[in-house]
Amino acid sequence: MVEKTKTTLKRGLRRRLASVVPCLLLAVGISGCATPPPRADTADYQAYKQLNDPMEPANRFFYRVNNVLDTYFMKPVAQGYVYVTPQVFRTHVSYFTMNIGEPARMLNFMAEGMPRDAGTAFMRFLINSTAGIGGIFDPAAALGYKETDTDFGLTLAIWGVPPGPYLYLPVFGPSGARDVLNLPVSYFLTPMAAAPASDALTDFTDAETGLDLVNTRANYLAPIDQVKATALDPYATFRSLYRQSRASQIQQIYTNDGQTPPAWTQPKQP
Amino acid sequence: MYLRRFILGAVAVAPMLLAIGTPAHADTIPPDAAKAFINQSGQKLMAIVNGSSSQTAKSEALRQLVDQIVAVDRVGHYVLGRYVNVATPGQYQEFLGLFHKLLAYNITYQINAYKNISFTVNSATPEGDDMVVDTTITTPDKPPADVGWAVDEIDGQPKIVDVIVAGTSLRITTRNDYASVITDNGGQVSALLTAMQHQIKKLAAVQ
């Protein structure tokens, strides 16, 4: 009973933390909105609207906060992790964490009305969880089930929800008014969330989350350093990269889920 | 994963961030010609990056190569965006000069992190008025990166006008970066020129 209560408390704490982030954003956002240029200044006003970053002062504040956290904590941890692990290990960690996300991808693809991609995510999870030894290996890719990424933010985009204002979240980084909704959804759409609560499961979830964070940061070590070193305004550069990447992901979903006519409908090759 | 591929790919090719600035042409370069150009340019780039020359010699060789294969002025024009009309002729010329220098310093900065790069040319597909050649760049101890090179014919010669990674254009990234500096300084192009000068000094000090 005590153990169960402890587990519930741990989960409850994480949920409360998840709910604190939007409130914090709202509080800082209200006081940190950008002043738009006068409407009479058409070109500047259009550029401001197109930029769609009305909370830029607050976003830049959180960018600086994250930068400090990253410089003094995440980056040194990731550098240490890279020092003690070979690339092959980090690649298999990526496979493992990617596999845990496949059920969420399948459900999102279903919600998006992309049956082929949903089937691919299902097959990837099935094959990699078994033949791939719990997702450590990715034999599904070799069998033709290539990874296609999606999340709830992209599902909303497919439904026609506009991206909304840009947001730079504390800890989580670049996001948007639409994409931020992916955070709570992705938290609950994992195989671990569906399993009966236990201390072991909570510990596993925490370890997996931590490993994923460090592994992902390790993959970005050189790229982030180089953006910071070469961009005139790294905040604007990361914003641009994020938005282009999301637009590209949406396009990729449409491209991947194209119709594939059955083999018997194809003319026979001479 | 796509974002990861994008960023890894972007870093591998960031020195060549580039763009188209002027209205389109009637014809795109034929796919085979574009692929041959990228293959040839890639081989030259690999030879420099993987060579045993000193860092200074490599930097100089890369600067010359970039001038040969990249439409730097045209890219600069695109990157300045709507502020082309705001800048005075003098500021515009100064910008192009600084852009050339900054590109060279960025390249030098990047090559310090890369060695033993290999690449394969995959396919070429028309996109708008350009021919985009898809390549896969492989670096030891890093996941392979898929990179697209937009090629256009300028003055009868094929030139790189953009770099696309996972459907994302690096010329747009640079344009947004520069526009942000200008808008944050009340629309003054001079602020961008100052920022570029500072950046050049900073990179020169590091190198």
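Here are some notes on a predicted model, starting with chain A, moving to a stretch of strands in chain B, and ending with the salt bridges.

1. First, the overall look of chain A. Its secondary structure comes to 13 helices and two strands. Of its 270 residues, 43% are buried. Chain A exposes about 14600 Å², and carbon and sulfur atoms supply 69% of that area.

2. How does chain A fold back on itself? Take the contacts between residues at least 6 apart in sequence: 68% of them join residues at least 24 apart. Keep that number in mind for point 8, where a salt bridge in chain A links residues 147 apart.

3. Now over to chain B, where β4(B) is a good place to start looking. Eight of the nine residues in this strand are buried, leaving β4(B) mostly covered. On one side of the story is β3(B), residues 145–154, which runs antiparallel to β4(B) and is joined to it by seven bridges. If you want one pair to find by eye, try B:Glu153, whose bridge partner in β4(B) is B:Pro158. The hairpin of these strands has two residues between them, and B:Asp155 takes a positive phi near 50° there.

4. β4(B) also pairs with β5(B), again in the antiparallel sense, over two bridges. Here B:Ile164 has B:Ser169 in β5(B) as its bridge partner. This pairing makes a hairpin too, with two residues between the strands, and B:Ala166 in the turn has a positive phi of about 50°.

5. B:Gly167 deserves a look while you're here. It lies in the loop between β4 (157–165) and β5 (168–169) of chain B. Is B:Gly167 buried or exposed? With a relative accessible area of 57%, B:Gly167 is over the 50% cut-off and so counts as exposed. From B:Gly167 to B:Asp146 is 21 residues in sequence and 9.9 Å in space, C-alpha to C-alpha.

6. On to charges. Side chains of opposite charge can pair when their charged atoms come close. The structure holds 18 salt bridges over all chains. One of them joins A:Arg60 to A:Glu56, with the closest N and O atoms 2.8 Å apart. Why are these two about one helical turn apart? Because they sit four residues apart in helix α3 (residues 56–84) of chain A. Both are buried: A:Glu56 has a relative accessible area of 11%, and A:Arg60 comes in at 19%.

7. A:Arg60 has another partner, this time in chain B. B:Asp184 forms a salt bridge with A:Arg60, the closest N and O atoms being 3.1 Å apart. This pair crosses between chains, going from the loop between α6 (170–183) and α7 (189–206) of chain B to helix α3 of chain A. B:Asp184 has 45% relative accessibility and therefore counts as partly exposed.

8. One more salt bridge to check is A:Arg217 with A:Asp70, at 2.6 Å from N to O. The pair links distant parts of the chain: A:Arg217 belongs to helix α11 (residues 199–219) and A:Asp70 to helix α3, 147 residues apart. Both partners are buried, A:Arg217 at 8% relative accessibility and A:Asp70 at 13%.

9. Finally, a network to trace on screen. Salt bridges that share partners join A:Asp53, A:Glu56, A:Arg60, A:Asp233, A:Arg239 and B:Asp184 into one network. A handy place to begin is A:Arg60, which pairs with A:Glu56 and with B:Asp184.

How values were computed:
Residues are numbered from 1 along each chain as its sequence is written. Chains are lettered from A and ligands numbered from 1 in the order in which they are written. This is a predicted model: local features need pLDDT of at least 70, side-chain atom pairs count only at pLDDT 80 or more; totals for chains, interfaces and linings use all residues. Side-chain values use heavy atoms; hydrogens and water are left out. Buried means under 20% relative accessible area, exposed over 50%, partly exposed in between (1.4 Å probe, protein chains only). Contact means heavy atoms within 4.5 Å. Accessible areas come from the Shrake-Rupley method with a 1.4 Å probe; for residues, only the protein chains shown count as cover. Two strands pair if DSSP finds at least two bridges between them. A salt bridge is a side-chain nitrogen of Lys or Arg within 4 Å of a carboxyl oxygen of Asp or Glu.
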